[in-house]
Amino acid sequence: MNRVANNSLFSSSLFRYGRRLISYTKVSSEADLEKVVKASDQKPQVVYCHAEWCGPCRQLGPLLEKLIEDTQGKIELVKVDVDQAASVADKLQVVAVPTVFYYHKGKQMDQFVGALGENQVKNFLQKAIHSTS
């Protein structure tokens, strides 16, 4: 699993969105997923399941990255490529991509399937942020 340093348990990984660098965790095994679930004790973890060949994923991915970056660290982004991490996708019971979940306090709290509009994604992320209150 890869993640931006900041004294965390994970190794570095950055994605360039426009001029900004977006940090995220890449999950490639069930053990990585367990670390993400544990990390949700500290802050919500938004798990984005996608595939390279998926057109709606190419629309949702950059939007999700931008909106999570706008939360200024209140949420962590986690990416699962369902083709490269099929066992993780199976464990999460992903049947279509894109699928987005959020975890808080070790539990899956909510999810959506498909490329939603910006306002719907913002509302989803706000729900994740407010789950910490």
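Let me begin with the largest pocket, which is lined by 16 residues, and of these Y48, H50, E52, E65 and K79 lie nearest its centre. Please keep in mind from the outset that what we are looking at is a predicted model. The space inside this pocket comes to about 320 Å³. If we ask which elements build the lining, we find that strand 4, covering 45-50, helix 2, covering 55-70, and strand 5, covering 76-81, each supply at least two residues. Helix 2 gives the largest share of that lining, namely five residues. As for the character of the lining, seven of its residues are nonpolar, three are polar and six are charged.

With the pocket in mind, let me step back to the whole chain. The protein has 133 residues, and 46% of them count as buried. Its secondary structure consists of four helices and seven strands, and, read from the N terminus, the elements follow one another as β-β-β-α-β-α-β-α-β-β-α.

Five of the strands form an open sheet, in the order 3-5-4-6-7, and the pairing within this sheet is mixed. Strand 3, which covers 25-26, and strand 7 stand at the edges with a single partner strand each, so one side of each has no neighbour in the sheet. Further in, strand 4 pairs with strand 6 in the antiparallel sense, over five bridges, and one place to see this is V46, whose bridge partner in strand 6 is Y102. Y102 also looks the other way, as it were, for its bridge partner in strand 7 is D110. Strand 6, residues 99-104, and strand 7, residues 107-113, run antiparallel and are joined by six bridges. As a general point while you look at these strands, the side chains of a regular strand alternate between the two faces of the sheet.

What lies between strand 6 and strand 7? The two strands form a hairpin with two residues between them, and in that turn K105 has a positive phi of about 55°. K105 takes this positive value although it is not a glycine, and its side of the story is completed by the solvent, since K105 is exposed, with a relative accessible area of 52%.

A second residue with a positive phi is found at the other side of our pocket-lining helix, so to speak, and to reach it I would like to follow helix 2 along its length. Helix 2 has 16 residues and reaches 24 Å from its first C-alpha to its last, which is close to the 22 Å expected at 1.5 Å a residue. Its buried residues are C57, L60, G61, L63, L64, E65, L67 and I68, and you will recall E65 from the group that lies nearest the centre of the largest pocket. After helix 2 comes Q72, with a positive phi near 55°. Q72 is a residue other than glycine, its place is in the loop between helix 2 and strand 5, and with a relative accessible area of 71% it is exposed.

There is one more backbone detail to point out, and it concerns a proline. The peptide bond that joins V97 and P98 is cis, with an omega of about 0°, and P98 is found in the loop between helix 3, covering 86-91, and strand 6. For those who do not look at such details every day, most residues other than glycine have a negative phi, and most peptide bonds are trans.

Finally, let me turn to the cysteines. How many disulfides does the structure hold? It holds one, and that disulfide joins C54 to C57, with 2.5 Å from S to S. The torsion about the S-S bond of C54 and C57 is about 80°, so the disulfide is right-handed. Are its two cysteines buried or exposed? C54 is buried, with a relative accessible area of 2%, and C57 also counts as buried, at 4% relative accessibility. C49, by contrast, is in no disulfide, and the nearest cysteine sulfur, which is that of C57, is 9.3 Å away. C49 is buried as well, with a relative accessibility of 0%.

Methods. Residues numbered from 1 in each chain as written. Predicted model: local features only at pLDDT ≥ 70, side-chain atom pairs only at ≥ 80, totals over all residues. Heavy atoms only, no water. Disulfide = S-S within 2.5 Å. Buried < 20%, exposed > 50% of the residue type's maximum accessible area, 1.4 Å probe, protein only. 1 Å grid on protein atoms, 1.4 Å probe; cavity = no way out; pocket = protein on both sides within 12 Å on 5 of 7 lines; lining within 4 Å. Points joined across faces, edges and corners; volume = space filled by probe spheres on them. Nonpolar A, V, L, I, M, F, W, Y, C, P; charged D, E, K, R; others polar. Expected span 1.5 Å × (residues − 1). Pairing = 2+ DSSP bridges.
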